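This report describes a single protein chain, going from its cysteines to a helix pair and then to some individual residues. Please keep the sequence and the structure in view while reading.

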Amino acid sequence: MGITYACCIIYMLSAGVPDPFLGPKGVRMLLVCRGFVGFFGLFGIYYSLQYLSLSDATVLTFLAPLCTAIAGSLLLGEKFSVREALAGIFSLFGVILIARPAFIFGAGSQDGTLAGDIVNVAMEKSTSSQRLVAVGVALVGVLGGTGAYISIRAIGKRAHPLHSLTSFSIQCVFVSTTYMIATKSPFIIPTRLDWLGLLMLIGIFGFIAQVLLTMGLQRETASRGSLALYTQIIFATILERIFFKSIPSLLSVFGTLIILTSALYVVLTKKQDSNTVVLNQPDEQALEEGLLENRSIEPGESVLEDKHPAARDSIELRSVRP
């Protein structure tokens, strides 16, 4: 996060972005809120992974998109249609089929796989009370992630995407350092080059992901933008097959198809909605008045008959023969 903060500041200073350190005046409190709740969203994920299996933590983490859509409708007044809600529920169901958490499918549902090995290690290292606390912390992380997404959406285009990332990264560094000092946790520096390379890749891809996430939520509602997060598990499944030679099960393939179908459904329904022209239907009184004003003039009827009675009387008097 320290490297991310430095890169953001260097880029904004070189590009001439105003207020690179604190952000624009109108959204500074929102930027602070984004960084604060975003830290707890990230902390909830990493803490839960210490005592829960990867699949269990993944399913809990993916509660955030639905919570974000609901919060965007309640707090920001954004539209959250029934179609988007159904797409979110089906996408979460697809995530469950791919992750196959032990608390639903049983501990032996992923035996022989990389995720299954992580399940066994997590079960052996943690007690039931620790797992219960980890679930609670993971749910706090879901709320933190929801708050971060809503803050980004509330900021909108009033701030540069790197302003949001700068606030998030510096607060993560500050809180993490304070926590490590308070708990006297050791500061571990990787000694192997491949570990350093992996950490660099985490920083680079994490930076790109955060920037694109911020740009997406600036341009789309919280419900639609957050639903796109479900596609992460699809890419994770593909990369797991490439690097770890893990063959996805039929349930994983089925879950992937559900998520892709839900994402395409949301995108295509938006395109149809944008092409729909809404015609305002006039009320009956306005329609009747318009017809009366534009009705054809009968023979011997004056145009001024309805609107100017005095002029009508004067015309009738002048038209009387002696």
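The model shown here is predicted, and a convenient place to enter it is Cys8, which counts as buried because its relative accessibility is 0%, and buried means under 20%. The buried class also takes in Cys172, because its relative accessible area is 3%. A disulfide requires two cysteine sulfur atoms within 2.5 Å of each other, and by this rule the count comes to 0 disulfides. Cys8 is accordingly in no disulfide, the nearest cysteine sulfur being that of Cys7, at 7.0 Å.

**The chain as a whole**

The secondary structure comes to 15 helices and 0 strands. Of the 322 residues of the chain, 34% count as buried. Among contacts between residues at least 6 apart in sequence, 82% join residues at least 24 apart.

**The pair H2 and H9**

Helix H2, covering residues 28-51, packs against helix H9, covering residues 161-183, at an angle of about 55°, and the two axes are 8 Å apart. Since an angle that falls between 35 and 65 degrees belongs to neither the roughly parallel nor the roughly perpendicular class, H2 and H9 are oblique to each other, and their crossing is right-handed. From H2 the contact draws on Leu31, Val32, Arg34, Gly35, Phe36, Gly38, Phe39 and Leu42, while H9 supplies His163, Ser164, Ser167, Phe168, Gln171, Cys172, Val175 and Ser176. Sorted by character, the residues of this contact divide into 8 nonpolar, 7 polar and 1 charged. Cys172, already described as buried with a relative accessible area of 3%, is thus among the residues that H9 brings to the contact.

Which residues does Gly35 touch, when those up to four places away in sequence are not counted? Gly35, which is found in helix H2, touches Ser167, Phe168 and Gln171 under that condition, and these three are among the residues that H9 contributes to the contact. Gly35 is buried, because its relative accessible area is 0%.

**Pairs far apart in sequence**

Two pairs of residues show how separation along the chain compares with separation in space, the latter taken between C-alpha atoms. One pair involves Gly35 of H2, and the other involves Val59, which lies in helix H3, residues 54-61. Val59 is buried, because its relative accessible area is 7%.

| Pair | Separation in sequence | C-alpha to C-alpha distance |
|---|---|---|
| Val59 and Ile96 | 37 residues | 6.3 Å |
| Gly35 and Ser151 | 116 residues | 9.1 Å |

**Positive phi outside glycine**

Two loop residues deserve a look at their backbone angles. Asp19 lies in the loop between helix H1, residues 2-15, and H2, and its phi is near 50°, a positive value in a residue other than glycine. The relative accessible area of Asp19 is 37%, which means that this residue counts as partly exposed.

Lys184 has its place in the loop between H9 and helix H10, residues 193-219. Although Lys184 is not a glycine, its phi is positive, at about 55°. Is Lys184 buried or exposed? With a relative accessibility of 74%, Lys184 counts as exposed, because that class begins over 50%.

Key
Residues numbered from 1 in each chain as written. Predicted model: local features only at pLDDT ≥ 70, side-chain atom pairs only at ≥ 80, totals over all residues. Heavy atoms only, no water. Buried < 20%, exposed > 50% of the residue type's maximum accessible area, 1.4 Å probe, protein only. Axes fitted to C-alpha atoms, helices over the stretch in contact; angles between N-to-C directions. Helix = DSSP H or I, 4+ residues; strand = E, 2+ residues; numbered from the N terminus. Parallel < 35°, antiparallel > 145°, perpendicular 65-115°, else oblique. Left-handed = near helix turned anticlockwise from the far one by under 90°. Contact = heavy atoms within 4.5 Å. Nonpolar A, V, L, I, M, F, W, Y, C, P; charged D, E, K, R; others polar.
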